[in-house]
Every structure is written in structure tokens, then in C-alpha cells.
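Here are some comments on the aromatic contacts of this chain, set out as numbered points. Please read them with the coordinates open.

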Amino acid sequence: MSVSELSASTQDYLKAVWALAEWSETPVTPKLMSDRMGLKLSTVSDAVRKLTEQGFLEHAPYGAVTLTAQGRVHAVAMVRRHRLIETFLVETLGYRWDQVHDEAETLEHAVSDFMIERLAELLRHPDRDPHGDPIPSADGTVARPDAILLTRLLPGQRARVERISDDDPQLLQFFAENGVRYGTVLEAHPSTPYSEAIEVRVEGRTERLALGRAATDAVWVEALA
């Protein structure tokens, strides 16, 4: 069965379970899903029950929600669609990286599998989207980078930005204005004690940028030697 044969709501639920677990070790629960999707908890709980009966999810009472092998195939297919569309909108149509998420959320349900593969060919099979998220390959392989939160970077360490969460468009605009994006090299510096802030210097710039916890928790980096 192709992911195109699933309903849009089923596609959304499976992709949400994947997205919640991709960069976090926190168990996925119906409550987390309802918060992410903006739906009532009762609605999500009912959907989780039905998708479990259909063989897409596993969910024991009061336990975590996880994808079955079949559910993972479809979730990864939707993630591939979403991230290829985002990449196309930025690289070909000139969208800013803070403008593409909602557009991709709509378009990913309308395109065919054939169109997605044509997009992949047009874009020369990219492996990362504009935010640094890995784009699954056509066979479902996902190469996640070995990255840590910027919050955990120690003063004096240099690191390359591997991924920036696209949950907050205004934060993405802030990062863009200050030269922080996927592939940017940063150097961490100590900030004011007890402030939970980090000062970073973007490679090629002289001034330092003070980032609070909300910002540093949205950036994943790979430490450089």
C-alpha cells in the first residue's frame, strides 16, 4: 500500500509520532500528540486506538505510542514528502526557510509518489532540508547526524550547526538575520552566570550573539576538533 492511499488525517498522525520521537528521547504520548497537532486529547486518543487496530501503531494503556514496521514505512514516506517539498520551495521558488513549513503541510497530502520522485531528481536527491533535517531516501533510510543541542556546547568549543527546529518561524527569522543556519560554524563563549544563556560567535563575524535557552534548545550542533 502506498502512503497516498491513506487518509490525510492518518498521514498526519503517523508523521506526528515520527516527528515527536526523531529528536527527543521523551516517550510519545497522546497528550504530546494533541499538543503538537492542536487537537483535543479525546480526538487523538480515539485516533491512536483506531490506528493501533489497523496495525500502524502500538500503544499499551498508559504506555508510549510507537510506530509498527508498517507505520514507520508510511511515516517516513510522509517525512520525505514534507522535506523535499520544503527544499523545493526554498531552492527553486525562492521561499524563505521560515515560510515553507505550512505550505509543505498542505502540499504533502496532494502530491503523488511519482511527483515526489521527480522533485527528488530535480533537486539532485538532497539528503538534508533547509533546516538541516535529514531527508529519508526512497528506500526509507534515514541518516540522522550525530548532533547535540547547542545548550550542551561548552565554552571554547567550536561546532557546526546540523539542524534547527522549524517550530517557530520568528526564531528562524532571528537566526537568519544573525547568520545562523544549517552548516554555520559557531564558537561558544561563556555568558553571564546563572542566566542560562550562551554567547556564540558565528565564523566570519566579530561580534558575539547572546542566545537564551529557547534558542539554544532549537539548535543541534556537531562539535568540531
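1. Is Phe-175 buried or exposed? In this predicted model, Phe-175 has a relative accessibility of 0%, so it counts as buried, given that the cut-off for that class is under 20%. Phe-174, by contrast, has a relative accessibility of 30% and therefore counts as partly exposed.

2. By the ring-pair rule, the model holds two aromatic pairs. One of them joins Trp-23 and Trp-220, whose ring centres are 5.3 Å apart and whose planes meet at 55°, so the pair is classed as tilted. This pair links distant parts of the chain, since Trp-23 is in the loop between helix H1 (8-22) and helix H2 (30-37), while Trp-220 belongs to strand E8 (residues 219-224), with the two positions 197 residues apart. Both Trp-23 and Trp-220 are buried.

3. Phe-174 and Phe-175 also form a pair, with ring centres 5.9 Å apart and planes at 55°; because that angle falls between the limits of 30 and 60 degrees, this pair too is tilted.

4. Two arginines should be viewed together with the rings they cover. Arg-163 lies over the face of Trp-220, at 4.5 Å from the ring centre, and Trp-220 is the residue that also pairs with Trp-23. The charged end of Arg-181 sits over the ring of Trp-97, at 5.0 Å from the centre of that ring.

5. As for annotation, an unreviewed UniProt entry lists residues 6-68 as "domain: HTH dtxR-type". In the model, residues 6-68 are 57% helix and 10% strand, and the C-alpha atoms at the two ends of this segment are 16 Å apart.

Key: Residues numbered from 1 in each chain as written. Predicted model: local features only at pLDDT ≥ 70, side-chain atom pairs only at ≥ 80, totals over all residues. Heavy atoms only, no water. Phe/Tyr/Trp six-rings, centres within 6.5 Å; stacked < 30°, edge-to-face > 60°. Helix = DSSP H or I, 4+ residues; strand = E, 2+ residues; numbered from the N terminus. Buried < 20%, exposed > 50% of the residue type's maximum accessible area, 1.4 Å probe, protein only. Lys NZ or Arg CZ within 6 Å of the ring centre and 35° of its normal. UniProt positions renumbered as here; feature names shortened; annotations may be inferred.
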